[in-house]
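Me: I have a fresh model open and would like to talk through the labels people put on it. Could you take my questions one at a time?

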Amino acid sequence: MTIAGGCQCGAVRYRFEGPIPPAYACHCGECKKQSASAFSMAVPIRYSQLTVQGDVASFETVAHSGKAKHNYFCGQCGTRLWHSPTNPPDAITLKVGTLDDPSGIAPSGHLWVSKKQPGFELDPASDQHQTQPDDLVRWRADLVRIA
């Protein structure tokens, strides 16, 4: 099955072969800002799985770990598309909100629950961390087992 998505204005489009990996939600301050919401949802995939059309821009921030985080977005409308610890990207976290059909995608795990907005109830069956696991890459991979 082919999964497609893109930015808000349509200048950047992507597609990849599914299925969609398990999603997770991050409730940290940076994710709240970039999503302009209470949290951000993402799915971990390899950048090489994506076929991208359009020009993607990037900027670098410093992650909680102290390591560089590269943020990729549409240069025209500013929609955040994915993050990666490397530039050029390799392993990415694709933003669920950029999928054409994100229906049916619920987070299997939650990060930075200590920063969660009041009033949101999390599924008690989901894997929850007050901050984030020491090995975030492994945790993301283990979500397949949890989902």
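Me: Which residue stands opposite Asn 71 in β8?

Reply: Happy to help, and keep in mind that this model is predicted. The residue opposite Asn 71 is His 83, in β8.

Me: What makes β7 and β8 a pair?

Reply: Two strands pair if there are at least two bridges between them. β7 and β8 have four bridges, in the antiparallel sense, so they count as paired.

Me: Why are β6 and β11 called edge strands?

Reply: Each of them pairs on one side only. They belong to an open sheet of eight strands with mixed pairing, in the order β6-β7-β8-β9-β4-β3-β10-β11.

Me: How do you know that Cys 31 is not in a disulfide with Cys 26?

Reply: The cut-off for the two sulfur atoms is 2.5 Å. The sulfur of Cys 31 is 3.7 Å from that of Cys 26, its closest cysteine sulfur, and therefore too far for a bond.

Me: And how many disulfides does the structure hold?

Reply: Zero. Cys 28 is in none either: its nearest cysteine sulfur, that of Cys 26, is 3.6 Å away.

Me: Why is Cys 28 called buried?

Reply: Buried means under 20% relative accessible area. Cys 28 has 15%, so the label applies. Cys 31 has a relative accessible area of 5%, so Cys 31 is buried too.

Me: Is His 110 in β10 buried or exposed?

Reply: His 110 lies in strand β10, residues 107–111. Its relative accessible area is 5%, and the limit is 20%, so His 110 is buried. Beyond its sequence neighbours up to four places away, His 110 touches Ala 25, His 27, Leu 122, Ser 126, Asp 127, Gln 128, His 129 and Trp 139.

Me: Which residues have the most contacts inside the largest nonpolar core?

Reply: They are Tyr 14, Phe 16, Leu 50, Trp 82, Leu 94 and Leu 99, in a core of 19 residues. The elements that give two or more residues to this core are β2, β3, β4, β7, β8 and β9, and β4 gives the most, with three. Take Leu 50: leaving aside neighbours within four places in sequence, Leu 50 is in contact with Tyr 14, Arg 15, Phe 16, Ile 45, Trp 82 and Ile 92.

Me: Which residues does the second, separate core include?

Reply: Among its ten residues are Tyr 24, Cys 26, Cys 28 and Trp 112. In soluble globular proteins, nonpolar side chains tend to be buried together.

Key:
Residues are numbered from 1 along each chain as its sequence is written. This is a predicted model: local features need pLDDT of at least 70, side-chain atom pairs count only at pLDDT 80 or more; totals for chains, interfaces and linings use all residues. Side-chain values use heavy atoms; hydrogens and water are left out. Buried means under 20% relative accessible area, exposed over 50%, partly exposed in between (1.4 Å probe, protein chains only). Contact means heavy atoms within 4.5 Å. A nonpolar core is a set of buried Ala, Val, Leu, Ile, Met, Phe, Trp, Tyr and Cys residues joined through side-chain atoms within 4.5 Å.
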